[in-house]
Each structure stands twice: as structure tokens, then as C-alpha cells.
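Please open the model in your viewer and keep the selection box handy. We will go from stop to stop, and at each one I will tell you what to pick and what is there.

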Amino acid sequence: MRQRLLVLCILAAVAPALPAQEQDYSKVQIKSEQLAPSLYLLQGVGGNVAAATGPDGVLLVDDDFAGVADKIRATLKGLGADQPVRFVVNTHYHFDHTDANLPFAQGGAVIIAHDNLRPRLERGGMAGNGGSISMETKAAPAGALPTVTYADELTVHVNGMQVRVHHYPRAHTDGDSVVFFPSAKVVHMGDIYVRYGFPFIDVQGGGNVRGMIGACADVIRAVPAGTRIIPGHGEVASVEDLREYLKMLEDTTAVVAGAIKAGKSLEQMKKEKVLGAWSDRYAKPKAFVDTDAFTESVYYSLNPPPRAVGGAH
Ligand SMILES: [Zn+2]
């Protein structure tokens with residue numbers, strides 16, 4: 001039930017037009033956008049999917065919900081990609097990014113992820129920001145688990161392209177991958193970067209605002225000008241957009257760190273709305289993460305309660 005609630009939260013954040021109880025994927029339409037000659041952004045109901053197509057087969061970054069896997073396949077066919085999906089890279093374990101692992105693996109795809117992602121999918125557990133956002137993720141079936149995992153960095157050579165998969169420690173979760181397509185000047189950042197407002201930080205899943213800041217700063221340093229950034233949710237962004245988001249993360253974190261130093265409790269910070277200056281821009285009505293929830297995320301990143309340290313399982 002709680003998992004259902006999270007799905008609804010995410011759906012509400014991503015597709016506000018969808019009625020709350022809607023679990024019927026039959027009406028979902030996959031939107032596609034070409035970012036480079038053989039690289040597409042596909043948007044269904046879950047996280048953003050990147051698809052690199054060509055004669056070797058398709059590489060996907062994230063795979064949305066299982067209920068839309070056939071629609072993703074049909075969309076790829078419509079784009080002229082007749083080869084099957086051969087690789088799926090999971091940016092992190094949340095089910096709106098990994099739920100279709102099973103159907104794609106059954107179709108012959110190799111699932112690739114960071115070392116820490118596999119046990120989280122395998123065992124399930126509690127995800128949450130350490131405060132008011134908390135939800136259970138159920139254990140994934142064996143066939144949905146990544147068969148290739150890596151520690152720091154991995155490169156996939158496919159369709160004449162180098163796809164660089166890079167781990168950033170303790171950011172949105174403890175098993176995040178950012179995927180670089182250098183020849184296309186495109187990066188998929190998973191939920192380290194989202195465009196629906198304040199980000200969700202899965203502190204209970206090993207995430208931390210400091211890791212989010214480190215990852216964004218590193219991506220900005222690493223990519224050439226004109227690179228397009230695929231966020232975990234929302235429209236394609238520019239490096240300048242990512243820089244603005246990074247500044248928000250840095251500035252809000254500095255405010256909460258200052259309040260902790262001044263001896264304020266989390267309750268006081270919420271009451272005084274210490275992050276109120278960012279609410280208009282980042283906490284729209286019905287936002288998935290409101291200003292209080294984001295204050296909690298930053299607070300528990302800097303000042304973790306004992307249960308949040310490696311306590312997801
Ligand atoms: Zn996520």
C-alpha cells in the first residue's frame with residue numbers, strides 16, 4: 001500500500017493530469033525526442049528513458065514501469081530501431097526507473113548498475129528522506145536484477161559509441177549512476193537532477209544532499225559547453241539550468257547547516273520556514289517534495305539520525 005502511495009506521489013509529480021487511482025497503462029503515450037542522430041529521450045509515466053539505437057541493438061538508460069515496456073518497444077520500432085534492447089543501465093533502484101527490468105531482461109537485455117543497487121532491488125526495504133517521506137519498496141524478482149555491476153566506472157561500447165557510466169557516491173541514493181554520451185554531448189543524470197521542484201533525497205537509501213551537490217558540480221566541470229542534460233524527471237535541460245539547480249542545493253544546504261550550528265531544531269527550522277525563499281520556485285502547489293520535506297532531507301543529510309545510517313535494511 002505504501003509503495004502504491006509512492007507511485008502515486010511520483011505520478012502526481014510527473015504527470016499531474018493522471019487521476020490518482022490510475023494504474024492502467026493502456027492510455028499512456030510515450031513521447032520521444034531526438035537528441036542526436038541515434039539518441040532519443042523517451043517519456044512515459046516513470047523516470048526519463050534515454051535510448052541509444054543502432055545496428056548492435058538498443059541501449060536504454062532506465063526503463064520506466066513494466067506496464068509500458070511494450071509501448072517503449074513499439075516506440076523504438078517506430079523510430080526505425082528494429083534491433084532488440086540489448087542493454088539497460090539503471091541510474092538507481094527506485095521502481096519508477098527499474099520496474100521494466102524484468103520484461104527487458106526476459107527479452108535478452110543485460111541489466112547494468114552500480115554494485116549497491118543490486119542488493120537494494122534484491123531485498124527491498126524502506127526508502128525515505130529520514131522524515132515525512134517514507135515508503136517501502138518490495139523485493140524485485142531474481143530475473144529483474146542487474147547481471148553486470150560495477151564499482152566506480154564502466155564503459156559500454158555499442159553502435160560505434162562509448163557510453164560512460166559513472167558512479168557518484170551517496171547522492172540521490174547510494175547506488176547512483178550518471179550516464180555520459182560524450183560523442184552526442186548528452187548526459188542522463190537520473191534523479192540526482194529533477195525538474196519537478198525540490199528533489200527527493202533517499203537518505204534512508206544512502207542518499208545525501210552533499211553527494212547531490214558533488215555530483216552536479218562534477219558533471220558541470222566534466223561536460224563541454226552545449227551539452228544537454230536529461231534529468232530523472234522533466235524536460236531536457238542545459239548546463240546553465242543544472243548550474244541554477246546546483247546553486248539552490250548549495251544555498252539551501254548552507255542555510256540549514258547555519259541553523260544547525262546556531263542550535264536550532266528541525267522543528268524550529270520548519271516553523272521559521274528557513275527555506276521559504278526557495279518555495280515559490282521549487283515547491284509548487286501539490287509538489288512531491290514540499291519545503292518542509294526538503295528541509296528534512298537536508299537536515300537529515302547533515303545530521304543523520306542513527307537509524308538512517310545504513311539503516312535501510
Ligand atoms: Zn528516484
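Start by selecting Lys 273, which is exposed because its relative accessible area of 58% is over the 50% cut-off. Bear in mind that this is a predicted model. Lys 273 sits in the loop between α8 (266–271) and α9 (279–282). Check its backbone too: phi is positive, at about 50 degrees, although Lys 273 is not a glycine. Most residues other than glycine have a negative phi.

Now jump to Asp 62, in the loop between β4 (58–61) and α2 (69–78). Asp 62 also has a positive phi, near 65 degrees, and is a residue other than glycine. Is Asp 62 buried or exposed? With a relative accessible area of 0%, Asp 62 is buried.

**The zinc site**

Select the zinc ion and show its donors. Which residues coordinate the zinc ion? They are His 92 through NE2, His 94 through ND1, His 172 through NE2 and Asp 191 through OD, at 2.2 to 2.3 Å. Put angle labels on the four donor atoms and you will find values of 86 to 171 degrees, a site classed as irregular. The upper value explains part of that class: a tetrahedral site needs all angles between 85 and 135 degrees, so 171 degrees rules it out.

Along the sequence, the donor residues follow the spacing H-x1-H-x77-H-x18-D. Pick out His 94 and Asp 191, a pair that links distant parts of the chain, 97 residues apart. His 94 belongs to the loop between β5 (85–89) and α3 (95–98), and Asp 191 to the loop between β13 (186–188) and α6 (209–222). Both His 94 and Asp 191 are buried.

**A pocket to fill**

Next, bring up the second largest pocket, with a volume of about 230 Å³. Its lining has 16 residues, and those nearest the centre are Phe 95, Asp 99, Lys 138, Ala 140 and Pro 141. Colour α3, α4 (101–106) and α5 (117–123): these are the elements that give two or more residues to the lining. How many residues of each class line this pocket? Eight are nonpolar, five polar and three charged.

**Along helix α10**

Select residues 291–302, which form helix α10. Draw a distance between its end C-alpha atoms and you should read 17 Å; at 1.5 Å a residue, its twelve residues should span 16 Å, so the two agree. Now turn on the rest of the structure, which largely encloses α10, because ten of its twelve residues are buried. Among the buried ones are Phe 294, Glu 296, Val 298, Tyr 299 and Tyr 300.

**Two last distances**

For Met 248, go to helix α7 (residues 239–261). Met 248 is buried, with a relative accessible area of 2%. Draw a line from its C-alpha atom to that of Arg 281: the two residues are 33 apart along the chain, and the separation is 10.0 Å.

Finish at Glu 33, in strand β1 (residues 31–36). Glu 33 is partly exposed, with a relative accessible area of 30%. From its C-alpha atom to that of Gln 43, ten residues apart along the chain, the distance is 8.6 Å.

Definitions and conventions
Residues are numbered from 1 along each chain as its sequence is written. This is a predicted model: local features need pLDDT of at least 70, side-chain atom pairs count only at pLDDT 80 or more; totals for chains, interfaces and linings use all residues. Side-chain values use heavy atoms; hydrogens and water are left out. Donors are N, O and S atoms within 2.8 Å of the metal (3.2 Å for Na, K and Ca); water is not among the atoms, so sites may look incomplete. Four donors count as tetrahedral if all angles lie between 85 and 135 degrees; four count as square planar and six as octahedral if opposite donors are over 155 degrees apart and all others between 65 and 115; anything else is irregular. Helices (H or I, at least four residues) and strands (E, at least two) are DSSP runs, numbered from the N terminus. Buried means under 20% relative accessible area, exposed over 50%, partly exposed in between (1.4 Å probe, protein chains only). On a 1 Å grid over the protein atoms alone, a cavity is a set of points where a 1.4 Å probe fits but cannot get out, and a pocket is an open set with protein on both sides within 12 Å along at least five of seven lines; lining residues have an atom within 4 Å of a point. Grid points are joined across faces, edges and corners, and a volume is the space filled by probe spheres set on the points. Ala, Val, Leu, Ile, Met, Phe, Trp, Tyr, Cys and Pro count as nonpolar, Asp, Glu, Lys and Arg as charged, and the others, Gly among them, as polar. The expected span of a helix is 1.5 Å times one less than its number of residues.
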